[in-house]
Amino acid sequence: MLRRCGIIAGFLFAMLTIFDASAAERRVALVIGNSHYRIVPPLKNPAKDIVDVANTFRLAGFEVFVAADLTKLQFEDQFRDYLAALDGADLAVVYYSGHGFQIGGQNFLIPIDASLKEAADVEVQTIKLDDVLQQMRSKSKVQIVLLDACRNNPFPRKDYWLKDQLITAGDTGGLAQVKSSLNTLIAFATEPGAVAYDGTDDLSPFSSAFSRRALAPNQEIHSVMAAVRRDVVEATNGMQVPWENSSLIDDVVLVRRISRPSLPPVLEKVVPAGVGPVALNLPEPVEVDGGTITVSIERPPTIGRLMLNGKVVGAGEPIQGSDLPHLQMDVPKQSNAQEDMDMLAYTARDNWGGETKGMLVFRVKGGDGEQVVASLEAEQKQQVLERGIHITGAAEAINNREISVPVGVGPVPLKLDFPTQDPAVSLKVASYPATGTLSLPDRILSPQSSLMANEFDGLRFEPQIGAGGTVEVAFDIRVDSGTAESAKVKFAPSVDPCDTAAGEPLDLQGVVPGRLPNEIGTDAVGVCEAAVKAYPAVPRFRYELGRALLAAGKLDKAKAIIKEAADKGHVRAVYELGYFNATGSGMAIDRSRANDFYKQASDKGDPYGMTAWGRALFNGYGVKPDTGQGLDLLLKAAAMGHTYAMNDLAAIFTEGRNGVPADAARAVAFLRAGVERQDMYSMNLLGRNYLSGQGVGKDPKMALPLFQKAIDLGQPYAPASLARMYRDGIGVDQNLAEAQRLFEMATARGDQSGAYDRAALELAKGDKADQVIAVRFLAFAVALDLRKEIPGAPASLAKFGVKTKTAALKQLRQELKSKISTSGSLDTQLVVAARAVWEEANPRRDLF
């Protein structure tokens with residue numbers, strides 16, 4: 001008996017040391033299908049393609065963003081949410097089905113609202129594939145792009161602006177070959193320059209083959225794509241040959257089945273001798289990833305016989321996993337011993353190679369067999385009763401629970417307090433959430449996953465960024481292969497108050513559309529301090545706290561917390577450090593250091609960083625000029641929806657700078673794109689174009705609502721633009737009082753030209769002019785003119801007499817809350833006082 005116990009102990013040690021779970025990979029897919037185009041005929045397959053492909057990626061354990069019929073603006077929004085979720089991921093995937101074509105060797109994906117009638121439309125209406133790839137590379141280790149978009153260009157126009165050249169598109173169909181960077185795979189539905197077919201079924205040949213082949217377990221992506229290619233060639237009689245370009249150095253497996261069937265720990269059982277076959281009641285093994293399980297007997301008992309359905313089961317004999325609970329033990333009557341010990345060892349294997357060992361240790365009892373049997377039957381009945389209570393109680397405990405889950409802080413433990421850890425109880429995901437990701441610490445769950453009762457308390461959920469509304473998951477709770485109880489749990493995604501109060505537009509690590517600086521309220525500091533305390537590992541909240549502190553005028557504290565955010569990996573915070581150095585915010589202006597920060601942010605894909613670094617390169621601000629790279633970065637930032645880049649480009653194309661040809665219509669295309677994104681600067685600039693007739697028909701009536709909307713949004717220069725219309729009676733009846741009000745509003749918002757024109761309007765009153773008011777606004781004009789754009793303002797101020805200036809200076813000083821220097825000339829004191837008055841008013845801090 002001692003030797004048998006030693007064998008059992010040795011086997012137990014080997015079994016318990018075999019499994020070592022690894023952390024789950026982060027894998028995120030964006031699946032887009034564009035069918036219903038507004039200008040060209042619809043495509044029949046994409047709408048159904050994306051349902052099939054999205055389900056494929058969900059089954060493979062990806063977080064999946066899925067979208068249909070996207071306009072350009074909708075694509076920008078969806079892609080930003082995807083990139084925020086992608087931050088730091090192991091694998092990024094984009095699947096696109098819809099129209100796409102090449103121009104000048106560059107591939108473009110076409111939103112449903114594209115018209116492509118004008119030469120500038122490709123730049124403002126389409127998505128450049130290289131830009132998509134660059135953003136994916138900046139966020140993830142490995143990238144895969146799948147393009148079922150190799151169709152003929154259905155749009156009539158053939159020549160379009162690309163960077164500094166007007167390119168004529170050739171007659172070549174399909175997409176151009178793409179040079180992939182390291183660890184990237186780009187797959188096309190057909191070879192470069194060829195056209196793919198929609199097929200005769202609901203799905204395209206490419207997407208159908210991909211969905212069928214991608215779920216093959218433990219298959220490297222090149223093997224998957226080879227199988228896809230064979231299927232498509234066969235389905236199209238050789239007319240379509242899928243093609244890919246790969247620079248992968250890591251193995252990529254879409255469906256990695258490394259999980260083993262789940263078994264309970266070592267079990268114990270009492271078996272009476274001499275009473276015939278006795279049920280062992282072993283729990284059925286659970287395959288956590290779905291699939292079937294077989295069990296082989298590694299070591300049968302040495303005392304008695306192991307039986308199933310009246311037949312003896314020997315060593316090495318396989319049985320179905322569902323038969324494990326039905327195994328019986330038949331021990332002959334013992335004549336010379338009242339009790340002995342024995343064991344049963346078995347291995348459960350799934351259909352993709354995972355295996356787990358199980359063991360039953362049992363004591364054989366002799367004596368009064370009927371009494372032992374009666375005791376065991378009573379024990380079994382009690383166990384069945386208790387397990388029924390367990391699953392009923394478990395279902396009641398979690399059913400209809402609604403849990404608030406914060407967005408953008410990683411997987412959130414649900415803390416559901418599952419009321420049982422019975423090893424025979426398991427849960428199957430009966431209905432997966434429509435958005436978001438369910439996981440355990442060691443694996444991502446998919447729509448086919450199961451988990452054991454003792455794992456349930458480790459369940460986590462990560463809501464999808466940008467997805468609104470409550471989502472639901474349903475579980476089937478069961479004991480072995482018996483009747484299941486169902487339960488549903490609801491997840492309500494919640495945005496942290498700090499994100500709501502101080503999130504920034506176009507932050508690729510953010511979770512909200514964001515607020516401009518002047519829109520940040522007084523409560524933002526408090527809620528962001530709370531967020532930093534609650535989530536110290538999330539750098540976004542530190543950056544947003546920095547923004548809140550800036551809005552509250554606490555510059556030194558803001559700079560310190562923003563630097564912490566940058567050091568912890570928040571890319572927009574890196575850009576902000578550049579802004580501090582470029583503008584001299586609490587420090588000496590250092591353009592070179594600013595550019596270092598701008599370049600870092602740009603290399604990480606931040607559109608603000610791209611704009612600032614592109615502007616510096618294009619104009620040679622603190623760096624050797626590189627017009628081509630600067631223009632390219634501005635175009636990339638504009639493609640991400642950054643309206644400041646659009647406005648910069650509009651200025652370049654209006655004037656024709658640094659060798660880039662002037663084209664007023666191209667400039668207007670970018671301004672209209674900015675207006676479409678509700679940018680108040682674009683509104684003001686486009687309004688001016690309507691006044692001058694540059695790039696559009698001259699139409700003051702079109703300018704008026706643009707200026708008014710920009711004013712309502714807080715734009716600093718639009719009040720003066722509209723004021724000049726009232727001053728001169730252009731498009732409106734002349735109204736000097738309204739012009740005066742608007743010029744004063746412009747001054748309060750920091751517009752030096754508006755201040756200068758207000759002074760001029762006062763002087764135009766002749767003998768009725770108030771000279772002190774004129775001096776006051778000239779002082780503001782000089783104080784606000786940091787770029788020296790009004791060289792005549794200082795000279796105009798100098799012409800006034802000492803008495804008038806002294807009176808104006810006294811007024812300004814009376815408005816100040818603190819004392820200022822009284823040194824310097826009278827003109828200098830006036831300018832210093834005007835600047836101080838303006839700064840104390842805490843005007844908006846614009847992002848230029």
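Here are some notes on salt bridges and on helix H22 in this predicted model.

1. **The overall tally.** Searching the whole structure turns up 41 salt bridges. Side chains of opposite charge can pair when their charged atoms come close. A few of the pairs are worth a look one by one.

2. **Arg-540 with Asp-499.** These two side chains form a salt bridge, with N to O at 2.8 Å. The partners come from distant parts of the chain, 41 residues apart: Arg-540 belongs to helix H11 (residues 539-551), and Asp-499 to helix H9 (residues 497-502). If you're hunting for them on the surface, note that both Arg-540 and Asp-499 are buried.

3. **Arg-615 with Asp-648.** Here the closest N and O atoms are 2.6 Å apart. Arg-615 sits in helix H15 (residues 607-619) and Asp-648 in helix H17 (residues 643-655), so this salt bridge ties together parts that are 33 residues apart in sequence. Asp-648 has a relative accessible area of 19%, which means that it counts as buried, the cut-off being under 20%.

4. **Arg-741 with Glu-738.** This salt bridge stays inside one helix: both residues lie in H22 (residues 736-748), 3 residues apart, or about one turn. The closest N and O atoms are 2.7 Å apart. An α-helix has 3.6 residues a turn, so residues three or four places apart point the same way. Arg-741 is partly exposed, at 41% relative accessible area.

5. **A network.** Salt bridges can also share partners, and in this model they join Lys-72, Glu-76, Glu-676 and Arg-677 into one network.

6. **The two sides of H22.** Back to the helix that holds Arg-741 and Glu-738. H22 runs for 13 residues and spans 18 Å from its first C-alpha to its last, close to the 18 Å expected at 1.5 Å a residue. Which of its residues are buried? They are Ala-739, Leu-742, Phe-743, Ala-746 and Thr-747. Looking down the axis of H22, these buried residues fall within an arc of 145°, so they line one face of the helix. Ala-737 and Ala-748, on the other side of H22, are exposed.

7. **What packs over H22.** The cover on the buried residues of H22 includes helices H20 (700-712), H21 (718-728), H23 (752-763), H24 (771-784) and H27 (826-840).

8. **The ends of H22.** At the start of H22, Asn-735 has a side-chain oxygen that comes to within 3.3 Å of the backbone nitrogen of Ala-737. Just after the helix, Gly-750 adopts a positive phi of about 100°.

Definitions and conventions
Residues are numbered from 1 along each chain as its sequence is written. This is a predicted model: local features need pLDDT of at least 70, side-chain atom pairs count only at pLDDT 80 or more; totals for chains, interfaces and linings use all residues. Side-chain values use heavy atoms; hydrogens and water are left out. A salt bridge is a side-chain nitrogen of Lys or Arg within 4 Å of a carboxyl oxygen of Asp or Glu. Helices (H or I, at least four residues) and strands (E, at least two) are DSSP runs, numbered from the N terminus. Buried means under 20% relative accessible area, exposed over 50%, partly exposed in between (1.4 Å probe, protein chains only). The expected span of a helix is 1.5 Å times one less than its number of residues. The arc is that of the directions from the helix axis to the C-beta atoms. Contact means heavy atoms within 4.5 Å. A polar contact is a pair of N or O atoms within 3.5 Å; within protein, one must be able to donate a hydrogen and the other to accept it, and residues adjacent in sequence count only if both atoms are side-chain atoms.
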